[in-house]
Amino acid sequence: MKILQFLAPNSAKPTIINQKQQSYGAISQTQIVLHRSNRQRLSINCSNSGNTNHKASTSSGESVAKTSEKDVLKALSQIIDPDFGTDIVSCGFVKDLRIDKALGEVSLRLELTTPACPVKDMFEQKANEVVAVIPWVKKVNVKMSAQPAKPIFAGQLPPGLSRISSIVAVSSCKGGVGKSTVAVNLAYTLAGMGARVGIFDADVYGPSLPTMVNPESRILEMNPEKKTIIPTEYLGVKLVSFGFAGQGRAIMRGPMVSGVINQLLTTTEWGELDYLVIDMPPGTGDIQLTLCQVAPLTAAVIVTTPQKLAFIDVAKGVRMFSKLKVPCVAVVENMCHFDADGKRYYPFGKGSGSQVVQQFGIPHLFDLPIRPTLSASGDSGTPEVVSDPLSDVARTFQDLGVCVVQQCAKIRQQVSTAVTYDKYLKAIRVKVPNSDEEFLLHPATVRRNDRSAQSVDEWTGEQKVQFGDVAEDIEPEEIRPMGNYAVSITWPDGFSQIAPYDQLETIERLVDVPPLSPVEVYT
Ligand code: ADP
């Protein structure tokens, strides 16, 4: 079995230069990418080889088996995942590859990261097609499965939230624009796509979830032993709302509201979910900020109406999320128009939505019309995407659902690989989000740049940890993402450093790192 390793020559001693010198990134980045993809392809070969049926005892039999396996993987590598921009073999989706060359039979499983994958059917069909055209293949059997991405923040989260793959905030700056309508219909669309979904109605002042859905049990139950909340459920979607807490509407001050929201969100036993949709309280104040910090949001969807004035509010929302490094993946412009007498009317004018998309680089804009059925279904307790799944409105929600699934997959991929430790180079590797740029940092320099109260006096700004206090050859024990804005680095002395990406970008970088030399080792 072949294993590909990256070894740096022992003499390699990286030097440090100022961040403005970018030569390292420019020269060796392509090499890194090249080696990586080699390693990925090879590791897939390795893991699958144990599964093939035709373990030949002779070397010629072995090479036949290898060639047929290569044929299949080469054929499958023509299928590109549109979200990750790379082929399905490199993505690691191919599992349980079994080949019987004598009979011409191939079976395999494609394991996707979400059951709601919008291109699931396309993958299945293409995999069947590309393998079937291999000359010796007579029969292909492709099975589909989904292994949801592991929650990247697990371990730093309240247990109730630790098995949720992606958390999506649906937000607006004003009440009454249709935020809850969008949140609920989006959630049921995702569920319709095959995902496990929950809705958290965080609007304590005006919880609308109890009107919009019709669960059998309208009261949240407590698990008396664990002191946790058990969500109620409607058509397979888990639901938590202050409106199901038996309290009615609340008159509370801000800090109390934050407390109640946090308690409801974090003490709920959500279980394993692909998506938790949070119907945010309207606005961009402290309540919203606290909520964003408690729940590691994956992405946000902003709901607005087309009036020009709404643009200012939306901009506020986008800025709030961008401060927390939560990407806004879509803007929904609600109540855009209605059709009457064979004509289309735009009662609020034509859109500030496109302005938002342009100005803030948000990739997707969705228009929803004024539709009495949308309002009626909201009041009846059955979301429109459920009661009329073939309507125009349901189609728009389907597009929004696909957008959310694809964007969350992209964001998760980025976040989970953003900062890693390269033990061969003894360097912390940082990938800049939304860019191909990658750079290396010296671990001791990162540790010395800690800005927490343990390292810097909060009042005087005086440096408490001195240069010599940090060993030159210190290595991180663990690096884990924290929300979208920082990583937590655990050092051998047990110190847990929170390093925001912004800060990592300003730290002196390593250059003159010897080029990576892949060494093939046979075991
Ligand atoms: P928010 O959450 O922003 O306060 P809601 O989703 O509760 O707003 O919507 C407010 C009201 O407007 C609800 O009665 C809802 O049914 C109605 N509504 C929302 N969007 C539409 C639409 N596109 N067409 C018709 N009625 C709508």
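**Figure 1. Asn334 and the ligand nitrogen.** In this predicted model, an N or O atom in the side chain of Asn334 lies 2.8 Å from a nitrogen atom of the ligand. Taken alone, the ligand exposes 560 Å², and the protein buries 79% of that area. Asn334 is listed among the closest of the residues that surround the ligand.

**Figure 2. Ser180 and Thr181 at ligand oxygen atoms.** Ser180 approaches an oxygen atom of the ligand through a backbone N or O atom, at 2.8 Å. For Thr181 the atom concerned is a polar side-chain atom, 2.5 Å from an oxygen atom of the ligand. Ser180 and Thr181 both appear among the closest residues around the ligand.

**Figure 3. The shell around the ligand.** The ligand is surrounded by 14 residues, of which Gly176, Ser180, Thr181, Asn334 and Pro369 are the closest. Helix α4 (179–192) and helix α10 (372–380) each contribute at least two residues to this shell. The largest share, 3 residues, comes from α4. By residue class, the shell holds 5 nonpolar, 7 polar and 2 charged residues.

**Figure 4. The salt bridge between Arg109 and Glu111.** Side chains of opposite charge can pair when their charged atoms come close. Here the side chains of Arg109 and Glu111 meet in a salt bridge, with an N to O distance of 3.1 Å. Glu111 has 18% relative accessibility and therefore counts as buried, the cut-off being under 20%. Arg109, at 22%, counts as partly exposed.

**Figure 5. The salt bridge between Arg196 and Glu272.** The side chains of Arg196 and Glu272 meet in a salt bridge at 3.3 Å, N to O. This pair links distant parts of the chain, its two residues being 76 residues apart. Arg196 belongs to the loop between α4 and β9 (197–201), whereas Glu272 belongs to the loop between α6 (254–266) and β14 (273–279). Arg196 counts as partly exposed because its relative accessibility is 32%. Glu272 is also classed as partly exposed, at 41% relative accessibility.

**Figure 6. The salt bridge between Arg429 and Glu438, and a separate network.** An N to O distance of 3.6 Å separates the side chains of Arg429 and Glu438, which meet in a salt bridge. Arg429 is buried, with a relative accessible area of 5%. Glu438, at 7% relative accessibility, likewise counts as buried. Elsewhere, Arg163, Arg196, Glu272 and Asp274 are joined into one network by salt bridges that share partners. The count for the protein comes to 14 salt bridges.

**Figure 7. The protein as the setting for the close-ups.** The protein has 14 helices and 27 strands. Of its 523 residues, 49% are buried. Among contacts between residues at least 6 apart in sequence, 71% join residues at least 24 apart. The protein exposes about 25100 Å², and carbon and sulfur atoms supply 53% of that area.

Methods. Residues are numbered from 1 along each chain as its sequence is written. This is a predicted model: local features need pLDDT of at least 70, side-chain atom pairs count only at pLDDT 80 or more; totals for chains, interfaces and linings use all residues. Side-chain values use heavy atoms; hydrogens and water are left out. A residue is near a molecule or strand if one of its heavy atoms lies within 4 Å of it. A polar contact is a pair of N or O atoms within 3.5 Å; within protein, one must be able to donate a hydrogen and the other to accept it, and residues adjacent in sequence count only if both atoms are side-chain atoms. Accessible areas come from the Shrake-Rupley method with a 1.4 Å probe; for residues, only the protein chains shown count as cover. Helices (H or I, at least four residues) and strands (E, at least two) are DSSP runs, numbered from the N terminus. Ala, Val, Leu, Ile, Met, Phe, Trp, Tyr, Cys and Pro count as nonpolar, Asp, Glu, Lys and Arg as charged, and the others, Gly among them, as polar. A salt bridge is a side-chain nitrogen of Lys or Arg within 4 Å of a carboxyl oxygen of Asp or Glu. Buried means under 20% relative accessible area, exposed over 50%, partly exposed in between (1.4 Å probe, protein chains only). Contact means heavy atoms within 4.5 Å.
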